[in-house]
Amino acid sequence: MRFLKFLLVPIAIAIGTSAQAQELYVFTEPASNMPAKSVGFRLTNEGRVSPDFSIRTTPELMLGFNKNLMVHAQGFLSNMDGSYKVEGASLYAKYRFLSIDEIKRHFRAAAFGRISTSSRPTFSEDINLEGDNSGIQGGLIFTQLLHKLALSTTLSYTRSFERDSKQQLGMPQPNQMLGYSLSSGYLVLPFVYKNYNQPNFNLYFEVLGKTNPENGKSYIDFAPAVQMIINSRTRIDLGYRFEVAGNVANRYNKNMYMIRAEFNFYNVLK
C-alpha cells in the first residue's frame, strides 16, 4: 500500500496540473488554467532604477474552481508617488473554452477579463491595470505546446476609468489601448522526467506591445526571463522588460525588473 501511495500521489498531481511547466509565462498568462480545486499565492516585486528608484509589491490570491475557470485577486502597494502605500486592487478571471490534446502537444484557447482600481495620478496615455490605472480589460489567449517548447499569443482591449481630478496638468489622457503579446517558453531541465519532484528550469522570451487606436502611438518591449519550479508546487521567476521601440511618453512599466515567488496547494477546494 505504501508503494501504491508513493506511485499515485505524483500521478494525481500530474493529472491535476493542466499547464505544462514551460507554459507558465512570467509576464503574461497562458490559456491553460491552474489545476481544478487548487489555491495559489503569489508575491511579486517589480521596480525600476531610472529616472528614480521605485518598487511595487503585488500580493495575489489565485483560485482554480474547475478545469476551465480560474480567478485572481490582487492588491498593489508601491512608493512610486513618495511614501510606500496601498494604491489599488484588481480582479482577474479566465475561462478556457477550447482544448485539443495530443501526446506531448496541445492547443488551448481562453477568454479573460479584468477590472481594476488605482488611486495613482495619471501621467501617461499608457494604461496599466496592475497598479497604475483604474479600468476594465478583456481579451483572448491562444497557447500551443510542442513537446518542450510552448508558444502563446494574447490579444486584449483596455479602457480606462480615470477621473479628471487624477489627471496631471499637461499630460496625455489615458483612454483606451489595444494590447498584444507573443510568448515563448522552453523546458531546459529535467532532460528526462523521472518523477514530479524533479526541479524544472525554464527559459522565456516574451514580446509585449500596446497601441493607442486613437492616435497610433505604440511601444514594443522585449522581456527575457528564467524560472525554477520545485516539487511541482513552488515557482520562482526572475525577469526584465525593456523597450525596443515606441513613442508613448511617461510609461510606468518601462524598463522594469520582476521577481516573483508562487506557492500552489492542490485539491483544497470542495
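**Exercise 1. Find the surroundings of Val26 and place them in a nonpolar core.**

Step 1. Setting aside the neighbours within four places in sequence, Val26 is in contact with Tyr204, Glu206, Ala225, Gln227, Arg235, Asp237, Met258 and Arg260. These contacts are read from a predicted model, as is everything that follows.

Step 2. Val26 belongs to the largest nonpolar core, which has 15 residues, and it is listed there with Leu24, Phe27, Tyr204 and Ala225 among those with the most contacts inside this core. Two of these residues, Tyr204 and Ala225, also appear in the contact list of Val26.

Step 3. The elements that give two or more residues to this core are β9, residues 200-211, and β10, residues 218-230. With three residues, β10 gives the most to this core.

Step 4. Another core, of five residues, lies apart from the one just described, and it includes Ala31, Tyr92, Ala110 and Phe112.

**Exercise 2. Trace the barrel and describe how strand β1 pairs with the strands on either side.**

Step 1. Twelve strands form a closed barrel with antiparallel pairing, in the order β1-β2-β3-β4-β5-β6-β7-β8-β9-β10-β11-β12. From one strand to the next, the twist averages 20°.

Step 2. On one side, β1 pairs with strand β2 (residues 54-64) over eleven bridges in the antiparallel sense, and the two strands form a hairpin with five residues between them. Within this pairing, Glu46 has Arg56 of β2 as its bridge partner.

Step 3. On the other side of the ring order, β1 pairs with strand β12 (residues 256-265), again in the antiparallel sense, over nine bridges. Here Val39 stands opposite Phe265 in β12.

Step 4. The covering of β1 can now be added: this strand, residues 38-48, is mostly covered, since eight of its eleven residues are buried.

Step 5. Further along the barrel, strand β4, residues 85-102, runs antiparallel to β5 and is joined to it by 14 bridges. One position to look up in this pairing is Ser99, whose bridge partner in β5 is Arg108.

**Exercise 3. Classify two aromatic pairs and say which parts of the chain each one ties together.**

Step 1. A pair of aromatic rings is described by the distance of the centres and the angle of the planes. The count of aromatic pairs in this model comes to six.

Step 2. For Phe107 and Phe142, the ring centres are 6.4 Å apart and the planes stand at 15°, so the pair is stacked. Because Phe107 lies in strand β5 (residues 105-118) and Phe142 in strand β6 (residues 135-146), the pair ties together parts that are 35 residues apart in sequence.

Step 3. Accessibility is judged for each ring in turn: Phe107, at 27% relative accessibility, counts as partly exposed, and Phe142, at 27%, also counts as partly exposed.

Step 4. Phe205 and Phe222 are edge-to-face, with 5.2 Å from centre to centre and 65° between the planes. Phe205 lies in strand β9 and Phe222 in strand β10, so this pair ties together parts that are 17 residues apart in sequence. Both count as partly exposed, Phe205 with a relative accessible area of 36% and Phe222 with one of 30%.

**Exercise 4. Follow the aromatic cluster into strand β11 and describe two residues of that strand.**

Step 1. Phe205 and Phe222 form one aromatic cluster together with Tyr240 and Phe242. Of these, Phe242 is found in strand β11, and at 29% relative accessibility it counts as partly exposed.

Step 2. Leaving aside neighbours within four places in sequence, Phe242 is in contact with Ile220, Asp221, Phe222, Pro224 and Asn255. By contrast in spacing, the C-alpha atoms of Phe242 and Phe191, which are 51 residues apart along the chain, are separated by 31 Å.

Step 3. Gly246 also has its place in strand β11, residues 234-246, and with a relative accessible area of 44% it is partly exposed. Not counting residues up to four places away in sequence, Gly246 touches Ser218 and Tyr219.

Step 4. Gly246 and Tyr193 are 53 residues apart in sequence, and their C-alpha atoms are 42 Å apart in space.

Step 5. Tyr219, one of the residues touched by Gly246, has Arg251 lying over the face of its ring, at 3.4 Å from the ring centre.

Technical notes
Residues are numbered from 1 along each chain as its sequence is written. This is a predicted model: local features need pLDDT of at least 70, side-chain atom pairs count only at pLDDT 80 or more; totals for chains, interfaces and linings use all residues. Side-chain values use heavy atoms; hydrogens and water are left out. A nonpolar core is a set of buried Ala, Val, Leu, Ile, Met, Phe, Trp, Tyr and Cys residues joined through side-chain atoms within 4.5 Å. Buried means under 20% relative accessible area, exposed over 50%, partly exposed in between (1.4 Å probe, protein chains only). Helices (H or I, at least four residues) and strands (E, at least two) are DSSP runs, numbered from the N terminus. Contact means heavy atoms within 4.5 Å. Rings of Phe, Tyr and Trp (its six-membered ring) pair if their centres lie within 6.5 Å; planes under 30 degrees apart count as stacked, over 60 as edge-to-face and the rest as tilted. A charge sits over a ring if NZ of Lys or CZ of Arg is within 6 Å of the ring centre and within 35 degrees of the ring normal. Two strands pair if DSSP finds at least two bridges between them. Axes are lines fitted to C-alpha atoms, for helices over the stretch in contact, and angles run from 0 to 180 degrees between N-to-C directions.
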